[in-house]
Amino acid sequence: MLRRLYAWTMSLADHPHALTALFLVAFVESSVFPIPPDVLMIPMILARPSRAWLIAGVALLGSVLGGLLGYLIGWGFFETLGRPVLEFYGKDAYFDAFSERYNEYGAWAVLIAGITPFPYKVITILSGLTSLNLGVFIVASVIARGLRFFVLAALLWKFGGPIRAFIERYMGLLFTLFVLLLLGGFYAVRYL
């Protein structure tokens, strides 16, 4: 099923309404959809590098607005919509333990999930359920998703096709390492 969704998402890159499709994919990915908008952004930017920043901006806008939908699901519709999404991603057991201390580190959770391969939709729903400050949620989402999409756009704009395979294979790992280094730096400054 995921392969068919991936193939369908990739086919949208050639469509005349690709920007609208990208917005919609980014929107629903932030609350329920399993395929990240990156898979649509990559062929769109490779086909039209001059539009890289517009494409990244559309993905950012769709993702943050979709994140607000995820927040709303967690805030008002958790049992009917949010819990099934968490169960689909196998994060429901993780959720119960994590939610108790979530708001203490909520901004970091949004930043980390927005950049790394961790399902961002899990964090958007959890943020709503725990009533993470909405302003903090929005700012962290804009920073994280902006960083993710604009770094991807910059790499594709600068290096083009040769970097595509590298990005598809290692982008999640690189962002994860970046976050670990960032958190390690903050830890070192605060505790050492």
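This note goes through the cores, two covered helices, a surface patch and the salt bridges of a predicted model.

1. Main core. The largest nonpolar core holds 24 residues, and L22, M41 and I45 have the most contacts inside it. Four helices each supply at least two of the core residues: α2 (18–29), α3 (38–47), α4 (52–76) and α9 (134–159). Of these, α4 gives the most, with seven residues.

2. M41 within that core. Leaving aside residues up to four places away in sequence, M41 touches L22, I55, A56, A59, F149 and L152. M41 is also one of the residues with the most contacts inside the core, as is L22.

3. Second core. A separate core of 14 residues is also present, and its members include Y71, Y102, V110 and I115. Two of these names return in the next point, since V110 and I115 are among the buried residues of α7.

4. Helix α7. This helix covers residues 106–115 and is mostly covered, with seven of its ten residues buried. The buried positions are G106, A109, V110, L111, A113, G114 and I115.

5. Helix α8. Residues 120–129 make up α8, which is also mostly covered: nine of its ten residues are buried. They are Y120, K121, V122, I123, T124, I125, L126, S127 and G128. The list includes a lysine, K121, which comes back below as a salt-bridge partner of E29. Just after the helix, S131 takes a positive phi of about 55°.

6. A21. This residue sits in helix α2. A21 has a relative accessible area of 13% and therefore counts as buried, the cut-off for that class being under 20%. Its C-alpha atom is 9.9 Å from that of V58, although the two residues are 37 apart along the chain.

7. Surface patch. L72, W75, F77 and L81 form a nonpolar patch on the surface, and together they have about 420 Å² of accessible area. L81 belongs to helix α5, residues 78–88. With a relative accessible area of 43%, L81 is classed as partly exposed.

8. Salt bridge between α2 and α8. How many salt bridges does a search of the whole structure find? The count is four. One of them joins E29 to K121, with the closest N and O atoms 3.4 Å apart. E29 is in helix α2 and K121 in helix α8, so this pair ties together parts that are 92 residues apart in sequence. Both ends are buried: E29 has a relative accessible area of 5%, and K121 has 2%.

9. Salt bridge between α3 and α9. D38 pairs with R148, and here the closest N and O atoms are 3.0 Å apart. The two residues lie in distant parts of the chain, D38 in helix α3 and R148 in helix α9, with their positions 110 residues apart. Are D38 and R148 buried or exposed? Both are buried.

10. Salt bridge within α5. R83 and E79 form a salt bridge whose closest N and O atoms are 3.4 Å apart. Both residues are in helix α5, four residues apart, or about one turn of the helix. R83 is partly exposed, at 23% relative accessible area, while E79 counts as exposed, at 55%. Elsewhere, salt bridges with shared partners join E29, K121 and R145 into one network.

Technical notes
Residues are numbered from 1 along each chain as its sequence is written. This is a predicted model: local features need pLDDT of at least 70, side-chain atom pairs count only at pLDDT 80 or more; totals for chains, interfaces and linings use all residues. Side-chain values use heavy atoms; hydrogens and water are left out. Buried means under 20% relative accessible area, exposed over 50%, partly exposed in between (1.4 Å probe, protein chains only). A nonpolar core is a set of buried Ala, Val, Leu, Ile, Met, Phe, Trp, Tyr and Cys residues joined through side-chain atoms within 4.5 Å. Contact means heavy atoms within 4.5 Å. Patches are made of residues with over 30% relative accessible area and no salt bridge: like charges are joined within 9 Å, nonpolar side chains (Val, Leu, Ile, Met, Phe, Trp, Tyr) within 5 Å. Accessible areas come from the Shrake-Rupley method with a 1.4 Å probe; for residues, only the protein chains shown count as cover. A salt bridge is a side-chain nitrogen of Lys or Arg within 4 Å of a carboxyl oxygen of Asp or Glu.
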